[in-house]
Amino acid sequence: MIKKWISTVLLIMLCSPSITIAATLHGQVFDAGTENGVEGAIVTIGTGASATTNSEGSYEIHGLNRLRSSITVSHPDYLDFTQGFFMKNSDRECNIYLSKTNYFFVSPTGNDANPGSRTEPFATLERARERAREAVIEERHKKAIVFLR
């Protein structure tokens with residue numbers, strides 16, 4: 001009788017959502033070159049939960065339970081980052097370093113004073129070529145890619 005009662009209580013505890021501990025994934029997103037925080041990066045995990053980094057590059061995603069998933073970080077001025085991770089029933093810190101993109105964009109509606117990003121493209125091929133050369137020579141990227149939109 002006592003064994004049956006204990007088994008029932010344990011089953012209720014294991015299945016009850018009110019007993020589940022919700023965890024938080026938190027950390028910072030940094031520029032790999034300067035080690036400054038990156039503002040406006042979107043941090044997404046495989047379940048679809050996401051957060052946007054603040055001015056210091058910090059983020060928090062609350063309400064997570066034990067899961068094995070991936071974390072993706074994107075920002076228009078950096079190369080996308082993806083990595084697998086395992087979330088236990090506790091808080092977890094995950095700091096990420098992003099590399100500047102070596103992709104440059106040109107659009108008829110762009111401006112050569114822009115950084116040449118997807119959201120702020122250059123206006124001319126000449127400016128894109130100049131910036132691509134800087135990326136290869138000064139920043140030591142192996143290659144630079146220019147997209148026409």
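Two residues are in contact when heavy atoms of each lie within 4.5 Å. By this criterion, among contacts between residues at least 6 apart in sequence, 48% join residues at least 24 apart. The model described here is predicted.

The protein has two helices and ten strands. From the N terminus on, the elements run α-β-β-β-β-β-β-β-β-β-α-β. The chain holds 149 residues, and buried residues make up 31% of them. The accessible surface comes to about 9700 Å². Carbon and sulfur atoms account for 53% of that surface.

One link across the sequence involves Ala22. This residue lies in the loop between helix 1 (2–15) and strand 1 (23–31). Ala22 and Leu64 are 42 residues apart in sequence. In space, their C-alpha atoms are 5.2 Å apart. Leaving aside neighbours within four places in sequence, Ala22 is in contact with Gly63, Leu64 and Asn65. Ala22 is partly exposed, with a relative accessible area of 49%. That value falls short of the exposed class, because exposed means over 50%.

The next feature is a sheet. Strands of a sheet pair through backbone hydrogen bonds, either parallel or antiparallel. Here, four strands form an open sheet in the order 3-2-5-6, and the pairing is antiparallel. Strand 3 (50–52) and strand 6 (81–87) stand at the edges. Each has a single partner strand, so one side of each is left without a neighbour in the sheet. From one strand to the next, the twist averages 20 degrees.

The pairings can be followed across the sheet. Strand 2 (residues 42–45) runs antiparallel to strand 3, and three bridges join the two. Within this pairing, Val43 has Ala51 of strand 3 as its bridge partner. Strand 2 and strand 3 also form a hairpin, with four residues between them. Gly48 sits in the turn and has a positive phi of about 100 degrees.

Strand 2 also pairs with strand 5, in the antiparallel sense, over four bridges. Val43 takes part here as well, with Val73 as its bridge partner in strand 5. Ile42 has Ser74 as its partner in strand 5. Strand 5 in turn pairs with strand 6 over seven bridges, again in the antiparallel sense. Ile71 and Gln83 are bridge partners in this pairing. Strand 5 and strand 6 form a hairpin with six residues between them.

Side chains alternate along two of these strands. In strand 2, Val43 and Ile45 point to one face and are buried. Ile42 and Thr44 point to the other face and are not buried. Strand 5 (residues 67–74) also alternates. Leu67, Ser69, Ile71 and Val73 point to one face and are buried. Arg68, Ser70, Thr72 and Ser74 point to the other and are not. Val43 and Val73, bridge partners across strands 2 and 5, are thus buried in their own strands, Val43 in strand 2 and Val73 in strand 5.

Charged pairs were examined next. Side chains of opposite charge can pair when their charged atoms come close. A search of the whole structure finds two salt bridges. In one, the side chains of Glu130 and Arg127 meet at 2.9 Å, N to O. Glu130 and Arg127 are three residues apart in helix 2 (residues 125–137), which means that about one helical turn separates them. Glu130 is partly exposed, at a relative accessible area of 43%.

Arg131 forms a salt bridge with Glu134. The closest N and O atoms of this pair are 3.6 Å apart. Both residues lie in helix 2, three residues apart, about one turn of the helix. Arg131 has 15% relative accessibility, so this residue counts as buried. Its partner Glu134 is partly exposed, with a relative accessible area of 27%.

A nonpolar patch lies on the surface. Leu125, Val146 and Leu148 form this patch, with about 280 Å² of accessible area together. Val146 belongs to strand 10 (residues 145–148). This residue is partly exposed, with a relative accessible area of 33%. Val146 can count towards the patch on this score, because patches are made of residues with over 30% relative accessible area.

Notes:
Residues are numbered from 1 along each chain as its sequence is written. This is a predicted model: local features need pLDDT of at least 70, side-chain atom pairs count only at pLDDT 80 or more; totals for chains, interfaces and linings use all residues. Side-chain values use heavy atoms; hydrogens and water are left out. Patches are made of residues with over 30% relative accessible area and no salt bridge: like charges are joined within 9 Å, nonpolar side chains (Val, Leu, Ile, Met, Phe, Trp, Tyr) within 5 Å. Accessible areas come from the Shrake-Rupley method with a 1.4 Å probe; for residues, only the protein chains shown count as cover. A salt bridge is a side-chain nitrogen of Lys or Arg within 4 Å of a carboxyl oxygen of Asp or Glu. Buried means under 20% relative accessible area, exposed over 50%, partly exposed in between (1.4 Å probe, protein chains only). Two strands pair if DSSP finds at least two bridges between them. Axes are lines fitted to C-alpha atoms, for helices over the stretch in contact, and angles run from 0 to 180 degrees between N-to-C directions.
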